[in-house]
Structure formats: structure tokens, C-alpha cells
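Below is a short report on one protein chain. It covers the fold, the model confidence, a surface patch and a buried charge.

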Amino acid sequence: MPKVNRNSQTFKAASWAAVALMLILIFWFSAQTGENLNEDLGLVSQFKAWLAASAATLFGAPIDVSPVGHFTEYLVLGACLANALSLPSSKAALAKISLSTTRLLASTTLLCSLYGVSDELHQIFTPNRSCDPVDWLVDTVAAFLGALIICLALKHGSRDQRAS
């Protein structure tokens, strides 16, 4: 498997494009009405129906599965943002400055959490959607976990690089 050069401009651009794509995707999902999510989004609606039926069978009562969607979206967003923020700057003076693991986790979680707040506020204006603080909490926890996965992978990668 070819080694990825995390310093390349192409990798940086792709990393930030992934962040932008996730932000757009989350915004798009928030703009969907309750009916669209349940019936009009093809595979997404089918998966949501299957997940709801499985949860109802497992727990013996209908369960709101929207937190699963929120968790998935923000787990990926947190991972993408942490990866993009961890990349060194192209400017020589700034290349020596890198975020510590704690700051990377904190900044990623804060930025994703703020986007989660805007996501919930956006849903107030979408028919049959609501602003739910529990969804925002799920968003924040998922973003932290996504960032943590990247931090652990980076730490493991730097340990392997030092060993070789």
C-alpha cells in the first residue's frame, strides 16, 4: 500500500474538501422535511425504516432512530475536521506549529458542536423537524469520538514512523 504524504497540497485540499462535503451533507439532511426522511430519500429512507423496525423489535416499542443519523454524521465530521486541522501549514514559519492532541480534540469538538447548534436551529425552520438539545449532545459526543479516533491514529502513525 503506498504511503500517504500528509504534507502534500493535494492531500490537504482533499482533507478540507471532505470537511466541506460533510458540512453540506449535514445541512442538506437538516433541510429535509420529516416526510422526506421517512419516505422520499430512497436508500436513506429504507435504511431508516429498517433501523426503526429493528429497534422496535429489539426494545419492544417504537424508538426514535434520528440520533443514529446525527451520531454518524458528526462522527465522520469530527474525524474529517480533526484530520484537516492536524495537517501542517504550507508556510515554512507556520509548519513548525502544530496543535497538541488536547487542543486538536478541544478545537474540533468545539467547532463541530457549534455547527451542531446551527444545525438544530436550522431544523426549527424545516417542516416536521424540531430543535432537540439531545441531538446536539449526540452531535458533540460523536464529533469528539471522531476526533479522538484521528488523534489516536496520528499518534500510532508517528510512533511507527519513529520506529522505522
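## Fold

Along the sequence, the protein chain runs α-α-α-α-α-α-α. That gives seven helices and zero strands. The model is predicted.

Contacts reach far along the chain. Among those with a separation of 6 or more, 72% join residues 24 or more positions apart. Of the 164 residues in the protein chain, 32% are buried. The exposed surface comes to about 10200 Å². Carbon and sulfur atoms supply 70% of that area.

## Confidence

The mean pLDDT for the protein chain is 82. A score of at least 70 is reached by 82% of the residues. Helix α6 has the highest confidence, at a mean of 95. Helix α5 (residues 92-95) has the lowest, at a mean of 42.

Residues 92-97 stay under 50 in pLDDT. For this stretch the model has three contacts beyond four places in sequence. Where pLDDT is low, predicted coordinates should not be read in detail.

## Nonpolar surface patch

A nonpolar patch of about 880 Å² lies on the surface. Its members are Phe71, Val117, Leu121, Ile124, Phe125, Trp136, Leu137, Val141, Phe144 and Leu145. Two elements give two or more residues to the patch: α6 (101-124) and α7 (133-163). Helix α7 provides the largest share, with five residues.

Phe71 belongs to the patch, and its place is in helix α4 (residues 66-86). How accessible is phenylalanine 71? Its relative accessibility is 30%, so phenylalanine 71 counts as partly exposed. The class of partly exposed residues lies between the buried limit of 20% and the exposed limit of 50%.

## A buried glutamate

Helix α4 also holds glutamate 73. Is this side chain paired or unpaired in a salt bridge? Glutamate 73 is buried and has no salt bridge. The nearest side chain of opposite charge is arginine 129, at 7.0 Å. A salt bridge needs a side-chain nitrogen of Lys or Arg within 4 Å of a carboxyl oxygen of Asp or Glu.

What does glutamate 73 touch instead, leaving aside its neighbours within four places in sequence? Its contacts are Met22, Ile26 and Phe29.

## Summary

Helix α4 carries both residues discussed above: phenylalanine 71 and glutamate 73. Phenylalanine 71 is partly exposed, whereas glutamate 73 is buried. Confidence is highest in α6, one of the helices that give two or more residues to the nonpolar patch.

Definitions and conventions
Residues are numbered from 1 along each chain as its sequence is written. This is a predicted model: local features need pLDDT of at least 70, side-chain atom pairs count only at pLDDT 80 or more; totals for chains, interfaces and linings use all residues. Side-chain values use heavy atoms; hydrogens and water are left out. Patches are made of residues with over 30% relative accessible area and no salt bridge: like charges are joined within 9 Å, nonpolar side chains (Val, Leu, Ile, Met, Phe, Trp, Tyr) within 5 Å. Accessible areas come from the Shrake-Rupley method with a 1.4 Å probe; for residues, only the protein chains shown count as cover. Helices (H or I, at least four residues) and strands (E, at least two) are DSSP runs, numbered from the N terminus. Buried means under 20% relative accessible area, exposed over 50%, partly exposed in between (1.4 Å probe, protein chains only). Lys and Arg count as positive and Asp and Glu as negative; His and the chain ends are not counted. Contact means heavy atoms within 4.5 Å. pLDDT is the predictor's confidence in each residue, from 0 to 100.
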